[in-house]
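Here is a friendly walk through the structure for someone meeting it for the very first time. Take a moment to turn it around on screen before reading on.

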Amino acid sequence: MHIMEGFLPVEWAVFWSILSVPVVVWGFFKIRKLFAESPEMKMSVALAGAFIFVLSSLKLPSVTGSSSHPTGTGASTILHGVAITSVLCTIVLVFQALLLAHGGITTLGANIFSMGIAGPFVGWLAYRGMMRAKLGLVPTVFATAFLANFSAYIVTALQLALAFPTAGSVMTSFITFFGIFAVTQIPLAVVEGVLFIMFFDYLARTRPDLLKGKLNLRPKDSNAPVKAVEA
Amino acid sequence: MRMSPKGWYVVGFSVIMAICMAAFIASPSAEFGGSDGQGEEEIANIDPGYEPWFESPWSPPGETESLLFALQAAIGAVIIGYFIGNERGKKAARKKMEEANDPR
């Protein structure tokens with residue numbers, strides 16, 4: 001999903017950065033407010049970021065003979081929403097761009113947009129929709145994690161296609177790039193979905209306070225003696 | 001019959017393992033290049049004249065890159081491990097207190 005350093009023409013690099021910056025700034029203020037109002041949420045934010053750190057570093061081989069990595073943004077999307085997720089992704093992407101030469105400074109805006117904003121946003125839409133439909137933890141978490149991952153790659157394919165149309169056709173390029181990313185991502189998105197189901201099931205049993213108002217937990221799921229935390 | 005959470009975790013991790021192993025079996029010669037690299041090649045196909053206009057100021061050698069990827073994973077794993085361990089400890093402490101308050 002990372003577009004390599006220098007591989008986006010200047011105008012596109014600027015365009016995606018302009019789209020990303022306001023969301024990241026908004027997320028930054030949201031985190032500050034959250035920490036000021038409820039310092040106990042620090043652990044929850046750190047945890048969501050930790051999953052992005054671990055999962056985005058794991059490269060797995062895929063059926064097309066290349067390899068790819070999960071994004072890990074599903075947990076953060078459910079726990080804290082899109083804006084805060086974009087901040088956490090920015091931290092990871094800067095780490096990778098500066099230390100690993102994976103992604104880049106000039107493509108940072110585009111990479112934040114795909115992994116940290118567009119992916120989580122689609123995941124969040126699914127999460128909200130499934131919450132409204134009163135679906136349970138398992139399908140909701142799976143769909144959110146799967147879509148947060150998969151949409152990031154759809155957007156990356158679109159970003160590359162817009163910058164590099166094949167003989168003037170964005171669509172042809174999109175299909176080419178999408179073909180590369182999509183096939184490698186499906187197994188990874190499934191892995192991510194399964195992992196987050198287990199994690200949220202664990203949270204629901206040990207720290208239901210962190211999931212307050214999320215995932216339609218039945219009261220019986222939150223019988224653990226946990227002190228009431230006002231949001 | 002309800003399966004215990006532990007039973008479900010075994011199922012979950014088995015599914016993850018199976019998918020990862022299936023990927024290795026389906027393409028044993030797969031390189032860990034990343035589909036990012038493949039996208040890069042595709043750009044060269046579409047627009048052979050395109051020159052990356054900016055280079056990473058510093059690019060680690062292969063071994064160091066693996067090390068730094070492992071470091072990134074380790075940072076995250078430490079935080080998750082800390083959280084799970086902390087909750088486990090709290091649960092044990094709670095149980096102990098309840099036993100102390102309620103001697104039978």
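Before we start, one term needs pinning down: a residue is called buried when its relative accessible area is under 20%, exposed when it is over 50%, and partly exposed in between. Also keep in mind that what you're looking at is a predicted model.

Let's put that scale to work on Val94(A), which sits in helix α3 of chain A. Its relative accessible area is 31%, so it lands in the partly exposed class. Val94(A) has company, too: together with Val10(A), Val14(A), Ile18(A), Leu98(A), Leu99(A), Ile105(A), Trp53(B), Phe54(B) and Trp58(B), it makes a nonpolar surface patch of about 850 Å². Two elements give two or more residues to this patch, namely α1 (10-37) and α3 (74-99) of chain A.

Now over to chain B. What does its layout look like, going from the N terminus on? The elements simply run α-α-α, and the full tally is three helices and zero strands. Of the 104 residues in chain B, buried ones make up 23%. The chain exposes about 7700 Å², and carbon and sulfur atoms supply 63% of that.

Chain B also carries some charge on its surface. Lys6(B), Arg88(B), Lys91(B) and Lys95(B) form a positive patch there. Which element gives the most to the positive patch? That would be α3(B), with three residues. Lys91(B) is found in this helix, and because its relative accessibility is 55%, Lys91(B) counts as exposed.

Stay with helix α3 of chain B a little longer and look for Glu87(B). Its side chain meets that of Lys90(B) in a salt bridge, with 3.4 Å from N to O. The two residues are three apart in the helix, about one turn. Lys90(B) counts as partly exposed, because its relative accessibility is 37%. Through shared salt-bridge partners, Arg207(A), Asp209(A), Glu87(B) and Lys90(B) are joined into one network.

Where does chain A come into contact with this glutamate? Glu87(B) forms another salt bridge with Arg207(A), and here the closest N and O atoms are 2.7 Å apart. Glu87(B) lies in helix α3 (residues 62-101) of chain B, while Arg207(A) belongs to the segment after α6 of chain A, so this pair joins two chains. Are these two partners buried or exposed? Glu87(B) is buried, because its relative accessible area is just 7%. Arg207(A) counts as buried as well, at 12% relative accessibility.

Over all chains, the structure holds four salt bridges. One of them is back in chain A, where Arg205(A) pairs with Asp201(A), the closest N and O atoms being 3.3 Å apart. Why are these two about one helical turn from each other? Because they are four residues apart in helix α6 (residues 170-206) of chain A. Arg205(A) is partly exposed, with a relative accessible area of 36%, and Asp201(A) is partly exposed too, at 25%.

To finish, have a look at two loops of chain A. In the loop between α4 (108-132) and α5 (137-163) you'll find Lys134(A). Lys134(A) isn't a glycine, yet it has a positive phi of about 60°. With a relative accessible area of 67%, Lys134(A) is exposed. Move on to the loop between α5 and α6, and there is Ala167(A). Its phi is near 45°, again a positive value in a residue other than glycine. At 85% relative accessibility, Ala167(A) counts as exposed.

Methods. Residues numbered from 1 in each chain as written. Chains lettered and ligands numbered in written order. Predicted model: local features only at pLDDT ≥ 70, side-chain atom pairs only at ≥ 80, totals over all residues. Heavy atoms only, no water. Buried < 20%, exposed > 50% of the residue type's maximum accessible area, 1.4 Å probe, protein only. Patch = residues over 30% accessible without salt bridge, like charges linked within 9 Å, V, L, I, M, F, W, Y side chains within 5 Å. Areas by Shrake-Rupley, 256 points an atom, 1.4 Å probe, with all protein chains shown as cover. Lys, Arg positive; Asp, Glu negative; His and termini not counted. Charge placed at Lys NZ, Arg CZ, Asp CG, Glu CD.
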